[in-house]
Amino acid sequence: MFELVLLVPEAAVEPVSDALDALDALSTSVEDADALTPAEQALFGEPGMPPPKEGWQRSRVVALFPAEAAARDAADLLTAQDFFEGCEVLGVQAVPEQDWVRLTQSQFAPVEITPSFWIVPSWHEPPPAAQQVIRLDPGLAFGTGTHPTTRMCLRWTASHPVAGQRVLDYGCGSGILAIGAAKFGASEIVAVDIDPAAVESTRLNAAANHVALQTGLPELASGVFDLVLANILATPLKVLAPLLCAHVGRGGHLVMAGILARQADELREAYAPWLALEVSDEEDGWILMTAARA
Ligand SMILES: C[S@@+](CC[C@H](N)C(=O)[O-])C[C@H]1O[C@@H](n2cnc3c(N)ncnc32)[C@H](O)[C@@H]1O
């Protein structure tokens, strides 16, 4: 494999990427050419918000070709185009052979939730101290245990008596919270998501963990539960307030994540007509908000 590396100003990124596609590049990646320098620009918005800017001032565009001649031909053809003005060919270089599967796998190590509760990818052995293990590989749906919001929900489940309880995981993603509840003895679990890919992912992950649960689109959730887990984001959680509260039975708990510390008051206010939320955990600027129904 050979890669053609280009320096491209913001306005030309789209036509250059389209042209690389038309020139049969196997893949094209676009990175901030000023990354790790004082000119680096953040393109991430707050969760749920659009980024403050569409593109970087200068991008490093890397296109992969199967042969050196194809990469050099593409460079020659691009250089002749009007839209290439202001762009620069930085070079064509051989890409060393890699074991991509092993490289990807090496980036996902077991995640500790508590000293005895771990999330472990299928290619790792569980650590000796692990008494409870969720087997989970990164996939299409959110929830591998590496995000603080997921970890806080799992820690809550691990430290409360969920055995024998009816549990609703609202916004289940990979199903990790539902599977966690099953590992701690919940007797009936319903896991729902608006994304059909998440529902499928939950079904597969539950099977891989030998866990029985019901999963489907949100309409599947009916009745009241002893525990309602919802790791979504502040804005949808506010909209869902009446619905989620209606699912919390007497003596039951609502546990919510996906909320930034500075959003605590607005969430408290949105839920006040039904339940009194309090902050019960915090990690990396994210908080866990919980409430109990008397
Ligand atoms: C941050 S992920 C959480 C996944 C997993 N529960 C975890 O804790 O890691 C949020 C999930 O909520 C789902 N979601 C977003 N809005 C939703 C809604 N209104 N109703 C149901 N699911 C929703 C998304 O599709 C996504 O899978």
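## Getting started

A residue counts as buried if 20 or more other C-beta atoms lie within 10 Å of its own, as exposed if 12 or fewer do, and as partly exposed in between, with C-beta atoms placed from the backbone. Helices (H or I, at least four residues) and strands (E, at least two) are DSSP runs, numbered from the N terminus.

What you have here is a predicted model, where local features need pLDDT of at least 70, side-chain atom pairs count only at pLDDT 80 or more, and totals for chains, interfaces and linings use all residues. Residue numbers run from 1 along each chain as its sequence is written.

## Two domains

The chain splits into domain 1 (2-97) and domain 2 (141-292), with bounds that come from an automatic or database domain assignment. Taken over C-alpha atoms, the centres of domain 1 and domain 2 are 40 Å apart.

Now take a look at V101, which sits in helix α3 (residues 100-106). V101 counts as exposed because it has 9 C-beta neighbours inside 10 Å. Its C-alpha atom is 27 Å from that of A33, and the two residues are 68 apart along the chain.

## Helix α1 and the loop after it

Helix α1 (13-22) has V13, V16 and L20 as its buried residues. These cover an arc of only 70° around the axis, so they sit on the same side of α1; the arc is that of the directions from the helix axis to the C-beta atoms. D18, D21 and A22 are exposed on the other side of α1. The buried residues of α1 pack against β1 (2-9), β2, β3 (58-65) and α2 (68-79), where contact means C-beta atoms, placed from the backbone, within 7 Å.

After α1 comes D24, in the loop that leads to β2 (27-32). D24 isn't a glycine, yet its phi is positive, at about 70°. Most residues other than glycine have a negative phi. D24 is exposed, because 12 other C-beta atoms lie within 10 Å.

## Helix α6 and the loop after it

Over in helix α6 (residues 196-208), there are 13 residues, so at 1.5 Å a residue α6 should span 18 Å, and its end C-alpha atoms are indeed 18 Å apart. That expected span is 1.5 Å times one less than the number of residues. Buried in α6 are A198, V199, S201, T202, N205 and A206. Seen down the axis of α6, the buried residues fall within an arc of 160°, so they line one face of the helix. P196, A197 and A207 are exposed on the other side of α6. The cover over the buried residues of α6 includes α5 (176-183), β9 (188-192) and β10 (214-216).

H210 follows α6, in the loop between α6 and β10. H210 is another residue other than glycine with a positive phi, near 55°. H210 is exposed because it has 9 other C-beta atoms within 10 Å.

## Around the ligand

Which residues are closest to the ligand? They are G143, T150, G171, G173 and N231, from a shell of 20 residues; a residue joins that shell if its C-beta atom, placed from the backbone, lies within 6 Å of the ligand. The elements giving two or more residues to the shell are α4 (148-158) and α5.

By type, the shell divides into 12 nonpolar, six polar and two charged residues. Here Ala, Val, Leu, Ile, Met, Phe, Trp, Tyr, Cys and Pro count as nonpolar, Asp, Glu, Lys and Arg as charged, and the others, Gly among them, as polar.

How values were computed: Contact = placed C-beta atoms within 7 Å.
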